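Here are a few short exercises to work through with the model open beside you. Try each task before reading its solution.

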Amino acid sequence: MKQLNIIILGTSLLLSVFNVTEAQNPIVRNQYSADPSARVFGDRVYVYPSHDILATEGKGRLGWFCMEDYHVFSSDNLTEWTDHGMIISQNKVPWVKPDSYSMWAPDCIERNGKYYFYFPTSAKDTTAYGRGFRIGVAVADKPTGPFIPEAAPLKDVRGIDPNVFIDKDGQAYLFWSQGNIYGAKLKSNMLELDSEVKTLGELPVKGLKEGPYMFERNGTYYLTYPHVENKIERLEYATGDSPLGPFKVTGVIMDESPTGCWTNHHSVIEFKNQWYLFYHHNDYSPKFDKARSIRADSLFFNADGTIKKVIPTFRGIGLTKASTEIQVDRYTMISDKGASVAFIDTLNKFQGWKILFTNAEAWTQYNSVDFGQKPFKKITVRANSQAGGMLQIRVGNINGTVLGQVNIPKSADMKIVTVPLLKYKNGIQDLFIISKNDQPCEVDWIKFE
Ligand code: FUB
């Protein structure tokens, strides 16, 4: 996997350390992240996730969600994501219990040039604010902060998973959950409720509902939410003619995780004429589903405004530059036989994955690689084969143009092998790597130079 640390120096002062990752799914590749609230501010997408960490003795509750702060990430191409660093921490908010470790799913919205960040957690003064979750707000002049927290949580709001929506007429709404899903109008100061709290009661009665996310498209209001219809959460939606309903339960956006991650939590945005679903899965922590990672996939509507079910992918969204280390284990498709994916280092899962070929003609397909207009001359692959592997690189389709053949030398370790590019194809191409012998061969990444 590739990470780039950019250190920005002021006059003599270290201002910030950004972490830029070239990402497929999951998007954030050096830490856990969950509950993504994606927003389009200007020409960038900003994602405000929860920041899962692992609880240890004396720090959080073992075996449960554990979060102490929030980061914000942004991208203008949906491929390169910048971590702008920590924006709010549990020990820097006046009303928050400094060892709550329960900074759960947040949201952020812009109004009149100010950015309002909403986050749930527990209060230190239980006499004033009670036990359980309250929702606080922090305000900034920029989407990346600095965010200044309000001194007290929102009045009359108890629960988790805040979501804010501003309608076309300028009226703002707050949604949140606590068993049910609730909604209320917000005053224009974004810091106080401006109506009674309404329980959005037309949703399924049985099974936990949480994580509301409201958006509007062509006059239809989509109230989307994770719901336990069976054993774990799936993403569902209801539609209505106004932000507070009444709503009609309409469909499923994403089925339950096939590998059993109990929670899902999402947001929906339109960016440059394409709709996207941001959600989470426990990619880096397959055995513990409270350490999650955020993902994104394209979302499409039917002509009648209903949402087509989103099938989760590894490939995710955005174009991948041919000159970057292309993580072919984040495939669009792989062959049924002789191709599988494994962690590079099971003791350090953030090292990412590799693809394993065990048969001749096993393959991986990785779509939407941008080869630009300037011819590349070389192919470089990071791979390993004990007995010597042979890889063929094609674009277009499995029988498409051969860009080159890479022989992987016999070795016990990963090797970086460079060969000449035989033929250059410009523009956006679907890339194929095909094993040409029966020797087991592991591929980490490929790039073009
Ligand atoms: O991240 C903690 C909780 O898990 C969130 O608040 C819920 O929506 C679920 O994702």
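**Exercise 1: Between the domains**

In this predicted model, three residue pairs, both members at pLDDT 80 or more, are in polar contact between domain 1 and domain 2.

Task: Describe the class make-up of the side of domain 1 that touches domain 2, and find the salt bridge between the domains.

Solution:
- Start with the classes: the residues of domain 1 on this side divide into four nonpolar, five polar and four charged.
- Next, count the salt bridges between domain 1 and domain 2: there is one.
- Now look at Lys-321 and Glu-80, whose side chains meet in a salt bridge with an N to O distance of 3.1 Å. That value fits the cut-off of 4 Å for a salt bridge.
- To place the two partners, use the domain bounds: domain 1 runs over 3-299 and domain 2 over 320-448.

**Exercise 2: Extent of the interface**

Task: How many residues of each domain are in contact, and what area is buried between them?

Solution:
- Count the contacts: 13 residues of domain 1 touch ten residues of domain 2.
- Turn to the area: about 1000 Å² is buried between the domains, and carbon and sulfur atoms give 60% of it.
- For the overall layout, take the C-alpha centres of domain 1 and domain 2, which lie 36 Å apart.

**Exercise 3: Around the ligand**

Task: Work out which residues surround the ligand and how the shell divides by class.

Solution:
- List the surroundings: among them are Phe-65, Met-67, Trp-104, Asp-161, Glu-210 and His-280.
- Sort the shell by class: four residues are nonpolar, three polar and four charged.
- Check the polar distances to ligand oxygen atoms: 2.5 Å for an N or O atom in the side chain of Asp-35, 2.7 Å for a polar side-chain atom of His-265, and 2.7 Å for a side-chain N or O atom of Arg-292.
- Finish with the cover: of the 270 Å² of accessible area that the ligand has on its own, the protein covers 99%.

Note on methods:
Residues are numbered from 1 along each chain as its sequence is written. This is a predicted model: local features need pLDDT of at least 70, side-chain atom pairs count only at pLDDT 80 or more; totals for chains, interfaces and linings use all residues. Side-chain values use heavy atoms; hydrogens and water are left out. A residue is near a molecule or strand if one of its heavy atoms lies within 4 Å of it. A polar contact is a pair of N or O atoms within 3.5 Å; within protein, one must be able to donate a hydrogen and the other to accept it, and residues adjacent in sequence count only if both atoms are side-chain atoms. Accessible areas come from the Shrake-Rupley method with a 1.4 Å probe; for residues, only the protein chains shown count as cover. Ala, Val, Leu, Ile, Met, Phe, Trp, Tyr, Cys and Pro count as nonpolar, Asp, Glu, Lys and Arg as charged, and the others, Gly among them, as polar. Domain bounds come from an automatic or database domain assignment. Contact means heavy atoms within 4.5 Å. Buried area is the accessible area (1.4 Å probe) that two parts lose on being put together, summed over both.
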